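Okay, thanks for squeezing me in today. Have the model up in front of you while I talk, and stop me if I go too fast.

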Amino acid sequence: MHGRGFNTVLLNSKMIARCGMAAALSVGIMFLTTVFQTLSLALAAISGFVIAFIVMRYGKIAATLTYAASAAIVFFFVPDRGAAILYVAFFGIYPVLKSVFENIKSRVLEWVCKIIFAGGIIFLAIKLFSLNYFYLLSIFVFVLYDIVFSKVIFTYGPKLNKIIK
């Protein structure tokens with residue numbers, strides 16, 4: 001009796017609610033950096049996985065909006081500034097960009113884009129915060145992160161989708 005419009009509204013409501021919960025989960029994980037300061041980098045990366053599941057479930061636009069909402073809250077309210085900047089500048093947006101980059105037909109060009117993005121963020125971090133990290137080592141660690149990220153998403157993504165239905 002409601003027709004097709006009602007189902008669309010219901011589907012969109014469910015998607016918006018789930019994206020809101022994902023943003024809240026990302027923010028909650030980032031607030032844990034105040035308690036577990038030695039895990040700041042790991043917690044920022046874990047928060048990025050939440051966005052990755054939104055990319056898989058609802059697409060890049062929904063994930064970008066979820067990231068934008070969580071990034072704004074994290075940037076202004078998470079006391080650990082370093083972790084907040086890591087999430088906003090890299091770990092939060094990377095799942096969306098990874099999805100874009102992996103749609104490039106050439107694997108070489110895909111990796112060039114990924115490394116340029118990561119290299120740019122690493123370079124800015126070194127210059128802005130006077131970090132004395134080895135640039136090439138950071139790029140190598142990024143490549144390992146990307147490979148592990150893909151493995152985790154492909155292993156746990158379908159299982160999580162079955163649970164969340």
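Let's start with Thr 66, which sits in helix H3. This is a predicted model, by the way, so everything I quote is computed from predicted coordinates. Is Thr 66 buried or exposed? Its relative accessibility is 3%, so Thr 66 counts as buried. And what does Thr 66 touch, once you leave aside its neighbours within four places in sequence? The answer is Cys 19, Ala 22, Ala 23, Ile 51 and Ile 54.

Two of those, Ile 51 and Ile 54, belong to H2 and take part in where H2 meets H3. So let me walk you through that pair. H2 covers residues 40–58 and H3 covers residues 60–77. Their axes come within 8 Å and cross at roughly 150°. That makes H2 roughly antiparallel to H3, and the crossing of H2 past H3 is right-handed. On the H2 side you've got Ile 51, Ile 54, Val 55 and Tyr 58. Facing them from H3 are Ala 62, Ala 63, Thr 66, Tyr 67 and Ser 70. Sorted by class, the contact of H2 with H3 has 7 nonpolar residues, 2 polar ones and no charged ones.

Stay on H2, and look at H4 next, residues 81–91. H2 and H4 pack at an angle of about 40°, and their axes are 9 Å apart. H2 passes H4 in a right-handed crossing. From H2, the residues in this contact are Ser 40, Leu 41, Ala 44, Ala 45, Ser 47, Gly 48 and Ile 51. From H4, they are Ala 83, Leu 86, Tyr 87 and Phe 91. The class split for H2 with H4 is 8 nonpolar, 3 polar and no charged.

H2 has another partner to show you, H5. Here the angle is about 45° and the axes are 8 Å apart, which makes H2 oblique to H5. H2 brings Gly 48, Ile 51, Ala 52 and Val 55, while H5 brings Pro 95, Val 96 and Ser 99. By class, that contact has 5 nonpolar, 2 polar and no charged residues.

Now, H5 itself. How many of the 8 residues of H5 are buried? It's 6 of the 8, so H5, residues 94–101, is largely enclosed by the rest of the structure. The buried ones are Tyr 94, Pro 95, Val 96, Lys 98, Ser 99 and Phe 101. Yes, there's a lysine on that list, Lys 98.

Move on to the loop between H5 and H6, and you'll find Ile 104 there. With 24% relative accessibility, Ile 104 counts as partly exposed. Not counting residues up to four places away in sequence, Ile 104 touches Leu 109, Glu 110 and Cys 113.

Zooming out, then. The chain has 7 helices and 0 strands. Of its 165 residues, 36% are buried. Take the contacts between residues at least 6 apart in sequence, and 67% of them join residues at least 24 apart.

Last thing, confidence. The average pLDDT over the chain is 85, and 85% of the residues score at least 70. Which element has the highest mean pLDDT, and which the lowest? H3 is the highest at 95, and H7, residues 135–164, is the lowest at 78. As a general caution, where pLDDT is low, the predicted coordinates shouldn't be read in detail.

How values were computed
Residues numbered from 1 in each chain as written. Predicted model: local features only at pLDDT ≥ 70, side-chain atom pairs only at ≥ 80, totals over all residues. Heavy atoms only, no water. Axes fitted to C-alpha atoms, helices over the stretch in contact; angles between N-to-C directions. Helix = DSSP H or I, 4+ residues; strand = E, 2+ residues; numbered from the N terminus. Parallel < 35°, antiparallel > 145°, perpendicular 65-115°, else oblique. Left-handed = near helix turned anticlockwise from the far one by under 90°. Contact = heavy atoms within 4.5 Å. Nonpolar A, V, L, I, M, F, W, Y, C, P; charged D, E, K, R; others polar. Buried < 20%, exposed > 50% of the residue type's maximum accessible area, 1.4 Å probe, protein only. pLDDT = per-residue confidence, 0-100.
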